[in-house]
Amino acid sequence: MEKKRLFSGVQPSGRITLGNYLGALSNWTTLQDEYECIFSIVDMHAITVPQNPKELRENALLLLAQYLAIGIDPQKSTIFIQSHVPEHAELSWVLSTMTYMGELNRMTQYKEKSQKNSDNLNAGLFTYPVLMAADILLYCTDLVPVGADQKQHLELARDLANRFNHRYSDTFPVPEGFFPKVAARVMSLQEPNKKMSKSDANENGFISLLDEHDVIIKKIKRAVTDSVGIVQYNDEQAGIKNLLEIYSKMTGESIESIVAKYGGKGYGDFKQDTAEIVAEGLRPVREKTKELLSDKAYLESVYREGAEKAEAIARKTLRKVHKKIGFLPRG
Ligand code: AQP
């Protein structure tokens, strides 16, 4: 039986965080055997907010090294850079003609990001979810493993698949989301009611996958908690709830069992142990990333081959789409 297809991506808009890792990337590796996986570095999405060109290039390469370091295997999965496959922009245009302004107006990520970037309210930031739908539909994707913050965008991709299929004829599978049960939305260590974000101006709010051991320990020990003083899992103790989710996802231990272990002890031991677990858990990824970054030729060969494989699928889908909507073939 043919394997189902999976697509996901991360923006090279900074150094990826523990949130990106636990909410998305760490789940990808386990799905590689079951699905035909396509993973992208979505640099076209990243430019919807201002980027320094040199840093954007560096971050794309770094992200590729991190994909490989966490265990994405280029022998099993297709790994490519979004801007190397122009079909993403082409399908995005077609889908944008089928997307209603009202649908995009409702997007909470647009509302949040446009507040943060009020001096750069560009059309790309507004139509970001259409490009994301194109990323997914271009590969006739069945499954999209993402963090909970992407639920609304994925819903639009599903609506557009249905709309296209209904208006023309069956073309796209309607993609399903895959959201982790624990740590689907890792929160900022400094403002536990806001999601952890790689572009947060406050470096203490997030843990980067490249942070050294001591930095991670310090950041977690300084994490904002509360004055209740009891380790328990509830919405009123957002900081502790966040650390419990991080601990659980990093170790595989259930939240109940962690709560039982630290219940009578106050926050000191719990924070210390969580910090050690994260710092040690990320060590192999950090070390492997550094090793991979020193071999630029290898990284280039991975993304070049990936683009060829991705483009072959993308071309086929786009040709089908053009035919259905009535574009005359070039011949
Ligand atoms: N805090 C989070 N918890 C769980 N999952 C998260 N993801 C992002 N933040 C969290 C998931 O990571 C994947 C890649 O995200 P992205 O790079 O496409 O953009 P984003 O969601 O906008 O992530 P950031 O870190 O907040 O980036 P910036 O600061 O550039 O906007 C997605 O699957 C996402 O769900």
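Is Ser 294 buried or exposed? At 63% relative accessibility, Ser 294 counts as exposed, because the threshold for that class is over 50%. The residue belongs to a predicted model, and its place is in the loop between α12 (267-293) and α13 (296-325). The protein has 331 residues, of which 51% are buried. The points below proceed from the overall fold to two helices and then to individual residues.

**Overall architecture**

- The secondary structure of the protein consists of 13 helices and five strands.
- A compact globule of 331 residues would have a radius of gyration near 20 Å, and the value for the protein, 21 Å, agrees with that expectation.
- The C-alpha trace spans about 70 × 45 × 45 Å along its principal axes.
- Among contacts with a separation of 6 or more, 77% are made by residues 24 or more positions apart.

**Surface and charge**

- The accessible surface of the protein is about 15800 Å², and carbon and sulfur atoms contribute 50% of that area.
- Positive side chains number 43 and negative side chains number 43.
- The centres of the two charged sets lie 3 Å apart.

**Helix α3**

- Helix α3 covers residues 53-69, which makes 17 residues.
- At 1.5 Å a residue, α3 should span 24 Å; the end C-alpha atoms are 24 Å apart, so the helix agrees with the expected length.
- The helix is mostly covered, with 12 of its 17 residues buried.
- The buried residues of α3 include Leu 56 and the run formed by Asn 59, Ala 60, Leu 61, Leu 62, Leu 63 and Leu 64.
- Also buried in α3 are Ala 65, Gln 66, Tyr 67, Leu 68 and Ala 69.

**Helix α8**

- Helix α8 comprises the 17 residues 151-167; its expected span is 24 Å, and the separation of its end C-alpha atoms, 24 Å, agrees.
- In α8, the buried residues are His 153, Leu 154, Leu 156, Ala 157, Leu 160, Ala 161, Arg 163, Phe 164 and Asn 165.
- An α-helix has 3.6 residues a turn, so residues three or four places apart point the same way.

**Glu 103 and its contacts with α8**

- Glu 103 is placed in helix α5 (residues 101-105).
- With 10% relative accessibility, Glu 103 counts as buried, because that class takes values under 20%.
- Apart from residues up to four places away in sequence, Glu 103 touches Leu 156, Asp 159 and Arg 163.
- Of these partners, Leu 156 and Arg 163 are among the buried residues of α8.
- The C-alpha atoms of Glu 103 and Gln 51 are separated by 27 Å, and the two residues are 52 residues apart along the chain.

**Leu 31 in helix α1**

- Leu 31 has its place in helix α1 (residues 18-31).
- The relative accessibility of Leu 31 is 7%, and therefore the residue counts as buried.
- Beyond its neighbours within four places in sequence, Leu 31 is in contact with Leu 6, Cys 37, Pro 145 and Phe 178.
- Of these, Pro 145 falls in β4 (143-145), and Phe 178 falls in β5 (176-178).
- Leu 31 and Tyr 100 are 69 residues apart along the chain, with 34 Å between their C-alpha atoms.

**Ser 114 in helix α6**

- Ser 114 is located in helix α6 (residues 108-116).
- This serine counts as buried because its relative accessibility is 12%.
- When residues up to four places away in sequence are not counted, Ser 114 touches Leu 121 and Leu 125.
- Ser 114 and Val 49 are 65 residues apart in sequence, and their C-alpha atoms are 9.3 Å apart in space.

**Positive phi at non-glycine residues**

- Cys 140, which is not a glycine, has a positive phi of about 45 degrees.
- Cys 140 lies in the loop between α7 (123-137) and β4 (143-145).
- Ala 183 is not a glycine either, and has a positive phi of about 65 degrees.
- The loop that holds Ala 183 runs between β5 (176-178) and α9 (213-221).
- Ala 183 has 1% relative accessibility and so counts as buried.

**Ser 294 in its chain context**

- Ser 294 and Gly 306 are 12 residues apart along the chain, and their C-alpha atoms are separated by 20 Å.

Technical notes: Residues are numbered from 1 along each chain as its sequence is written. This is a predicted model: local features need pLDDT of at least 70, side-chain atom pairs count only at pLDDT 80 or more; totals for chains, interfaces and linings use all residues. Side-chain values use heavy atoms; hydrogens and water are left out. Helices (H or I, at least four residues) and strands (E, at least two) are DSSP runs, numbered from the N terminus. The radius of gyration is taken over C-alpha atoms; the globule rule is 2.2 Å times the number of residues to the power 0.38. Buried means under 20% relative accessible area, exposed over 50%, partly exposed in between (1.4 Å probe, protein chains only). Contact means heavy atoms within 4.5 Å. Accessible areas come from the Shrake-Rupley method with a 1.4 Å probe; for residues, only the protein chains shown count as cover. Lys and Arg count as positive and Asp and Glu as negative; His and the chain ends are not counted. The place of a charge is taken as NZ of Lys, CZ of Arg, CG of Asp or CD of Glu. The expected span of a helix is 1.5 Å times one less than its number of residues.
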